Structure formats: structure tokens, C-alpha cells
Amino acid sequence: MKTVLYPGSFDPVTNGHLDIIKRASKMFDEVTVGVLVNSQKSPMFTADERTALIQEAVKDLPNVKVVQFGGLLVDYVVKEGITAIVKGLRAISDFEMELQMASMNKKLNDDAETIFMMTATEYSYLSSSLVKEVFRFGGEIEGLVPTNVYQYMHTKKRV
Ligand code: PNS
């Protein structure tokens, strides 16, 4: 069985992320969404909140599961026997950092392959950071995040 890992901070998951998850789920036997827990960033949402929000958003995709991971990505990939890492590429600006990470992961473990998928054009400008910034200043984020994330953000009113 070919399992791919889609890792990220997902703070919070956006419709751009969800689009990659849905498309990857059609291409691979199983997609594991890996939520990073030990980010040095100060997330708006806890790892458990981020995980639960993704779980709700992907509940209709039977071959998608959501896990939390800490430490090195390659260690998790090897431990779980994952075939490849999937990342979304929004623009040329993403490429440099993604190439750096893919190369480092391959250096750490030669079996760690990274596959890139182009983000859908309607989400090419979208990021979790921008969603949070727009939300903080009272801007409209409908259509940018899954409905459950939209509702959760408005309920929690976290800034
Ligand atoms: O959504 P993000 O914050 O861009 O995701 C970045 C992520 C989680 C993919 C990256 O930070 C990562 O893999 N972190 C785990 C630690 C690690 O393995 N670092 C070396 C990667 S080159």
C-alpha cells in the first residue's frame, strides 16, 4: 500500500491545504496528514485543535487520516513506512524553501522522496498566516478555510 504524508503546521488548515489533500487522496492508497506539534512558531491553535479541525474537514475522505508528529519529519516517515512526502507548491517563491527542505530530508535519509503538487490557482495566494491576519483585523475569510474552521474561528474569536 502506498501511503503519502502531507506534513504542515496547519494553523489553521485552509482550503488550499484541503484541495491538496483531496487530490492526493485520489492518487494514493492512503494520505496521512501530519500536524507538526513542536513548531517554534507560536500557533493560534493548539496541535489538538488543529488536528481536530482537519479531521472534521476530511471526514468524508475514507483514505485520509490525521496524525501529530514531532521531531524530524524523516524519522516519522521511516518509522511509519511512508512511501513519500507530498507538498503543495503555490508559486515560485515557495520553490526555494521547498527544494531546500526536500534536499535536506533526502540527505538525512536517501529513501525520503518528496512529491510536489501545484496548488489550485484559486488558492495560489492563500496561506494560514494571511488567513489569521485578515481574521484578526475583522476581514472576511469565508471561502478561504473549510466551513468548520470558519465556524470554529468565529466561535473562539482568538486573536
Ligand atoms: O506548514 P509549514 O509550517 O510550512 O510546514 C513545515 C514542515 C512541518 C513541513 C517542516 O517544518 C518540517 O518538516 N518540520 C519537522 C522538522 C524537520 O524535519 N525539519 C527539517 C526539515 S528539512
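Helices and strands are DSSP runs, numbered from the N terminus, and the legends below use these element names for a predicted model.

**Figure 1. Residues surrounding the ligand in the predicted model.** The ligand is surrounded by Gly8, Ser9, Leu36, Lys41, Phe69, Gly71, Leu72, Leu73, Lys87, Met101, Met104 and Asn105. Of the ligand's 540 Å² exposed when taken alone, the protein buries 73%. By class, this shell comprises six nonpolar, four polar and two charged residues. Helix H4 (residues 92-108) supplies the largest share of the shell, three residues. The space that the ligand takes is the largest pocket.

**Figure 2. Polar contacts of the ligand with Ser9 and Leu73.** At Ser9, an N or O atom of the side chain lies 2.6 Å from an oxygen atom of the ligand. At Leu73, a polar backbone atom is 2.8 Å from an oxygen atom of the ligand.

**Figure 3. The largest cavity and its lining.** The structure holds one cavity of 30 Å³ or more, and the volume of the largest cavity is about 30 Å³. Its lining consists of Leu73, Ile85, Lys87, Glu98, Met101, Ala102, Asn105 and Thr114. Strand E4 (84-89) and H4 are the elements that each contribute two or more residues to this lining. Of these residues, four are nonpolar, two polar and two charged.

**Figure 4. Helix H4 at the ligand and at the largest cavity.** H4 gives the most to the lining of the largest cavity, with four residues. The largest share of the ligand shell, three residues, also comes from H4. Met101 and Asn105 are among the residues around the ligand and among those lining the largest cavity.

Terms used
Residues are numbered from 1 along each chain as its sequence is written. This is a predicted model: local features need pLDDT of at least 70, side-chain atom pairs count only at pLDDT 80 or more; totals for chains, interfaces and linings use all residues. Side-chain values use heavy atoms; hydrogens and water are left out. A residue is near a molecule or strand if one of its heavy atoms lies within 4 Å of it. A polar contact is a pair of N or O atoms within 3.5 Å; within protein, one must be able to donate a hydrogen and the other to accept it, and residues adjacent in sequence count only if both atoms are side-chain atoms. Accessible areas come from the Shrake-Rupley method with a 1.4 Å probe; for residues, only the protein chains shown count as cover. On a 1 Å grid over the protein atoms alone, a cavity is a set of points where a 1.4 Å probe fits but cannot get out, and a pocket is an open set with protein on both sides within 12 Å along at least five of seven lines; lining residues have an atom within 4 Å of a point. A molecule sits in a cavity or pocket if more than half of its atoms lie within 2 Å of its grid points. Ala, Val, Leu, Ile, Met, Phe, Trp, Tyr, Cys and Pro count as nonpolar, Asp, Glu, Lys and Arg as charged, and the others, Gly among them, as polar. Grid points are joined across faces, edges and corners, and a volume is the space filled by probe spheres set on the points.
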